[in-house]
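Colleague: Could you take me through the helix packing in one part of this model, slowly and with the cut-offs spelled out as you go?

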Amino acid sequence: MADLSELYQQVILDHNKKPRNFRVLETANRHQEGYNPLCGDQLTLYLEMDGETIKDVAFQGQGCAISKASASMMTAAIKGKSKEEVETMFDEFHRMVKGELDPETTEHHLGRLTILSGVREFPARVKCASLSWHTLHAALAGEDEIVSTEQPDDGL
Amino acid sequence: MKAAMERGAIQSKENSFDVERVRRDFPILTEQIHGRPLIYLDSAATSQKPQVVIDSLTRYYAQQNSNVHRGVHFLSQLATREYEDARVKIQHFINAADAHEIIYTSGTTASINLVALSYGRKFVHAGDEIIISAMEHHSNIVPWQMLCEQTGAKLRVIPINDAGELLLDEFAVMLNPKVKIVAVNHISNALGTINPVKQIIELAHGMDIPVLIDGAQAAPHLKVDVRELDCDFYAFSGHKLCGPTGIGVLYGKSHWLESMPPVFGGGDMIASVSFEKTTYNALPYKFEAGTPNIADAIGLGVAIEYLNSIGLEKIAAYEHELLDYATETIGAIPGVTIIGTAKEKASVLSFTIDGIHPHDIGTILDQEGIAVRAGHHCAQPVMKRFGVPATARASFAFYNTKAEIDVLAEGIQKTIEVFS
């Protein structure tokens, strides 16, 4: 049976209550909208890129505890990282929340983000955890369109 | 299953409604979810099915399966009779004047789209107006928006107050000769409001404007009488009515249906076909092209018989008791806000909890075996009107109990504790 305390860990509840980097980033040179049409979760991600490096990042929006905490933790984890490093994390994070990567047994670059691994026991909530990462992925690719969790090529 | 039995033992004294007996008709109610007895509070999304409906589907496919209106052989005639008998049951269920006013569709959405496409094609033109309300489900918004895009007509919206009630005075002012149809729901799926549809119809008819009622939420919960309402169209779904998914009804007054063009062409909807000209079949077949959903139509007939055997009045009274109890119990929990506080309400309780997103509420309640809906309920304009991104919604049917509402209240308390 899925364990609620695995999903709603103290760290996640804390990020939900006091999300980090939750603001408009005036120095941003890229921003991206992310949207989950099934539940109405919405976020705007702001990136300040210095060449291939994420110099600063912030977000705003509304959503459930999982989507907000995931976005908050993501911004903390990617600041100062290169685009290539972040793409690797994006891939690993996806596989982790889908239950395809066990952070206990597999090498990874996710650091504290493994706290969100409990989401894999709650399939209905995987999209909440991955919305901010989808949005980041699109922002890095320079896509202008609003990112939706309901795109047909979306593996999640 | 001791807990469920105890729950079932609660009996409503006021109207001699035996919920324990009713619960035994629904096999799913003995299921365990995450190791807890299922508490199904999502009947506004879809109702559960009694054994007689489930059996009717098996019986049809195992012993009677055949196409309708086509064969002289025994099974085809049997299937045709049962399929048409179901239509008559539906006719009596909503007190339509004639069985041919009952058009089978796949559900409420298809019924509304049928009117938008057919009536719209013939009667709605550039510069005309269509009136809906601010508390419609997307299925009673989008088909009209699409029609407006195609024709150049304008969509107008009846506003609502903070309780979630339509502003009838505003509606009266909106009526003018350019309005070609009014389409409103009988009961709001997101708020539970029972709308004064009879008054709306009277006002619209005062200017010869036809009215479509979206009855998806009403047909399962109160006695619908289309002739007493005098509505021109009434749309509802089988699956919210203890029937199968994939079957629904469009009721339309004969004179409207006769004047409207068919939407789909094909078999069954024709009287004669040549390459020069096709003559359309009579009602209701003009609107039922192709092999219909025979099994589920028969299943819907069985569901209606089942509901009739209990009595819609008794169902409505018992559900009202549940709603009152839930409103009192859940509304008293600190931090809980009930969205939708109309004076006239059906058994829908939409709520928010301070600082906790409805999805998190839904997940935590799910772990307790409690099924509620969390989200925008396909009514995003309603959410916007109340300034919330989403709500949690508990909706009650006649097979629910007050004891289940107590468990919901405990689940809400637990949710608040998790986030404290």
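Modeller: What follows is a close look at one helix of chain A and the two helices that pack against it.

This is a predicted model, in which local features need pLDDT of at least 70, side-chain atom pairs count only at pLDDT 80 or more, and totals for chains, interfaces and linings use all residues. Residues are numbered from 1 along each chain as its sequence is written, while chains are lettered from A and ligands numbered from 1 in the order in which they are written.

Two packed helices are described by the angle between their axes and the distance between the axes. Helices here are DSSP runs (H or I, at least four residues), numbered from the N terminus, and the axes are lines fitted to C-alpha atoms over the stretch in contact, with angles running from 0 to 180 degrees between N-to-C directions.

With helix H2 (residues 10–17) of chain A, the axis of H3(A) comes within 8 Å and crosses at roughly 85°. H2(A) and H3(A) are therefore roughly perpendicular to each other, a class that covers 65 to 115 degrees, whereas angles under 35 degrees count as roughly parallel, over 145 as roughly antiparallel and the rest as oblique. On the side of H2(A), the residues in contact (C-beta atoms, placed from the backbone, within 7 Å) are A:Ile12, A:Leu13, A:His15 and A:Asn16, and these meet A:Ala65, A:Lys68, A:Ala69, A:Ser72 and A:Met73 of H3(A). By class, this contact holds five nonpolar, three polar and one charged residues, where Ala, Val, Leu, Ile, Met, Phe, Trp, Tyr, Cys and Pro count as nonpolar, Asp, Glu, Lys and Arg as charged, and the others, Gly among them, as polar.

The second partner is helix H5 (residues 126–141) of chain A, whose axis comes within 6 Å of that of helix H3 (residues 65–78) of chain A, the two crossing at roughly 40°. Because of that angle, H3(A) is oblique to H5(A). H3(A) passes H5(A) in a right-handed crossing, that is, with the near helix turned clockwise from the far one by less than a right angle, an anticlockwise turn being left-handed. H3(A) contributes A:Ile66, A:Ser67, A:Ser70, A:Ala71 and A:Met74 to this contact, and H5(A) contributes A:Cys128, A:Ala129, A:Leu131, A:Ser132, A:Trp133 and A:Leu136. Sorted by class, the residues of the contact of H3(A) with H5(A) are eight nonpolar, three polar and no charged.

How values were computed. Two residues are in contact if their C-beta atoms, placed from the backbone, lie within 7 Å.
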